[in-house]
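Morning, everyone. Let me put the structure up, and then we'll walk through it piece by piece.

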Amino acid sequence: MPTTTLTVVAIQSEDCMRTVMNAIQDLPGIGYVEVSPATGEATIEHSPLVSEADIRGAIEDAGYATR
């Protein structure tokens, strides 16, 4: 499975982290998600059918910017 790593801007708490993780996990084909509240780094293992743009879109729809 491909792995994508993104930085999520403005994660300030465990609640923010859970919101981002839930948004990503709602996408089909997600195998594994880890989000660090300290750094904002999100590591996502996903099927080839899920693009980085799909993941960024889900995070942005949850109210967070990515870089």
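One definition before we start. When I give an angle between two elements, each axis is a line fitted to C-alpha atoms, for helices over the stretch in contact, and the angle runs from 0 to 180 degrees between N-to-C directions. Also keep in mind that this is a predicted model.

With that, the first placement. Helix α1 lies across β2 and β3. Its angle to β2 is about 165°.

Now α1 itself. It covers residues 14-25, which makes 12 residues. From first C-alpha to last it reaches 16 Å, close to the 16 Å expected at 1.5 Å a residue. At its N-terminal end sits a cap, Ser13. A side-chain oxygen of Ser13 lies 3.3 Å from the backbone nitrogen of Asp15.

Which residues of α1 are buried? Cys16, Met17, Val20, Met21, Ala23 and Ile24. Look down the axis of α1: these buried residues fall within an arc of 160°, so they line one face of the helix. And what do they pack against? Two strands, β2 (30-35) and β3 (41-46), plus the helix α2 (52-61).

On to the sheet. It is open, with three strands in the order β1-β3-β2, and the pairing is antiparallel. The edges are β1 (3-7) and β2, each pairing on one side only. On average, neighbouring strands of this sheet are turned by 15° against each other, direction ignored.

Take one pair from that sheet. β2 and β3 are joined in the antiparallel sense over five bridges. Here is a position you can find on screen: Val35 stands opposite Ala42 in β3.

Next, the other helix. α2 lies across β1 and β3. Relative to β1, α2 runs at about 40°.

Last stop, Arg67. You'll find Arg67 in the segment after α2. Is Arg67 buried or exposed? Exposed means over 50% relative accessible area. Arg67 has 64%, so it is exposed.

Who does Arg67 touch, leaving aside its neighbours within four places in sequence? Its contacts are Leu6, Thr7, Val9 and Arg56. Pick out Val9 from that list. Arg67 and Val9 are 58 residues apart in sequence, yet 7.4 Å apart in space, C-alpha to C-alpha.

To recap the layout: α1 goes across β2 and β3, and α2 goes across β1 and β3. That's my tour. Over to you for questions.

Technical notes. Residues numbered from 1 in each chain as written. Predicted model: local features only at pLDDT ≥ 70, side-chain atom pairs only at ≥ 80, totals over all residues. Heavy atoms only, no water. Helix = DSSP H or I, 4+ residues; strand = E, 2+ residues; numbered from the N terminus. Expected span 1.5 Å × (residues − 1). Buried < 20%, exposed > 50% of the residue type's maximum accessible area, 1.4 Å probe, protein only. Arc of directions from axis to C-beta. Contact = heavy atoms within 4.5 Å. Polar contact = N/O pair within 3.5 Å; in protein donor to acceptor, adjacent residues only side chain to side chain. Pairing = 2+ DSSP bridges.
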